[in-house]
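Please walk through this model with the sequence at hand, following the strands and then the residues and helices around them.

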Amino acid sequence: MKILIGDDHVLFREGLRRLLEQLRDNATFAEASNFDELLDMAASKDEAYDLVLTDLRMPGWPGFSGIGMLRERQPNAKVVVVSASEAQADVREALENGAAGYIPKSSSVKIMLSALDLIFSGGVYVPATVLREGTEPDHRGAGGVIPPTDPQLEQLLTQRQREVLDRLREGKSNKQIAHELGLSEGTVKIHMTAIFKSLGVRNRTQAAMAFPQSHSA
């Protein structure tokens with residue numbers, strides 16, 4: 001596995017590299033300290049990366065369009081944002097511009113490894129610290145037990161994303177979903193973006209038809 005890391009802090013790059021070595025024994029690494037360098041390395045025809053990790057607002061950062069620029073140069077790589085920012089607006093912008101996940105730098109080693117596992121499985125990681133709001137979710141299962149889900153769907157989506165998808169399938173609006181799950185509409189939109197990317201669909205109708213219902217009525 002080939003991994004490209006872009007961050008202007010040397011110590012963070014070294015720490016991230018050591019962390020990733022736990023995930024993939026055979027991983028090889030390339031590092032860039034600014035976005036222009038990162039883009040040049042991504043553009044190399046001699047290198048095909050499996051994973052590109054990029055910070056936000058490093059020197060030369062062009063804005064969130066930079067994610068698309070990296071994806072154009074490495075179309076088969078997962079481009080993941082690793083940032084100190086935990087702002088919802090940044091998470092949404094990153095996902096809407098094609099990021100396969102958004103990992104806050106404040107994440108524990110366990111969370112970061114779990115996030116990357118989800119991403120490599122084809123899912124989209126959205127940090128719980130950003131999305132944690134309001135009341136506990138209404139699982140609508142007997143005795144509060146979470147209903148069983150399609151195993152493949154469970155691998156691709158987080159529990160919260162599956163809850164949003166279930167309500168989408170019922171024809172509920174973002175506002176209704178937000179009310180039922182105790183979330184803001186902005187948070188629901190972030191989940192929708194992650195769901196669409198994980199399922200490889202472009203709209204609500206396609207998402208609703210992508211898998212069998214994830215719980216029985």
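In this predicted model, strand 4 (residues 78-83) is largely enclosed by the rest of the structure, because five of its six residues are buried. Strand 3 runs parallel to strand 4 and is joined to it by four bridges, with Leu51 standing opposite Lys78 in strand 4. Between these two strands the chain passes through helix 3, and the resulting β-α-β crossover is right-handed.

Strand 4 also pairs with strand 5 (residues 101-104), again in parallel and through four bridges, and here Val81 stands opposite Tyr102 in strand 5. The connection from strand 4 to strand 5 is made through helix 4 (residues 88-96), as a right-handed β-α-β crossover.

The link between strand 3 (51-54) and helix 3 (65-73) deserves attention of its own, since the loop there holds Asp55. For Asp55, an unreviewed UniProt entry lists the feature "modified residue: 4-aspartylphosphate", an annotation that may be inferred rather than shown by experiment. Is Asp55 buried or exposed? With a relative accessible area of 7%, Asp55 falls below the cut-off of 20% and therefore counts as buried. Leaving aside neighbours within four places in sequence, the residues in contact with Asp55 are Gly6, Asp7, Asp8, Trp61, Val82, Ser83, Ala84 and Lys105; Val82 and Ser83, both among these contacts, lie within the residue range of strand 4.

Further along the chain comes helix 5 (residues 109-120), whose 12 residues reach 17 Å from the first C-alpha to the last, close to the 16 Å expected at 1.5 Å a residue. Which residues of helix 5 are buried? They are Met112, Leu113, Ala115, Leu116, Leu118 and Ile119. In reading such a list it helps to recall that an α-helix has 3.6 residues a turn, so residues three or four places apart point the same way. Just after helix 5, Gly122 takes a positive phi of about 105°.

Gly122 appears again in the surroundings of Ser198, a residue with its place in helix 10 (residues 185-199). Apart from its neighbours within four places in sequence, Ser198 is in contact with Gly122, Gly123, Val124, Leu156 and Leu157. Ser198 counts as buried because its relative accessibility is 9%, under the 20% that sets the limit. Gly122, which follows just after helix 5, is thus one of the residues that Ser198 of helix 10 contacts.

Definitions and conventions:
Residues are numbered from 1 along each chain as its sequence is written. This is a predicted model: local features need pLDDT of at least 70, side-chain atom pairs count only at pLDDT 80 or more; totals for chains, interfaces and linings use all residues. Side-chain values use heavy atoms; hydrogens and water are left out. Buried means under 20% relative accessible area, exposed over 50%, partly exposed in between (1.4 Å probe, protein chains only). Contact means heavy atoms within 4.5 Å. The expected span of a helix is 1.5 Å times one less than its number of residues. Two strands pair if DSSP finds at least two bridges between them. A crossover is right-handed if, with the strands pointing away from the viewer, the path from the first strand over the helix to the second runs clockwise.
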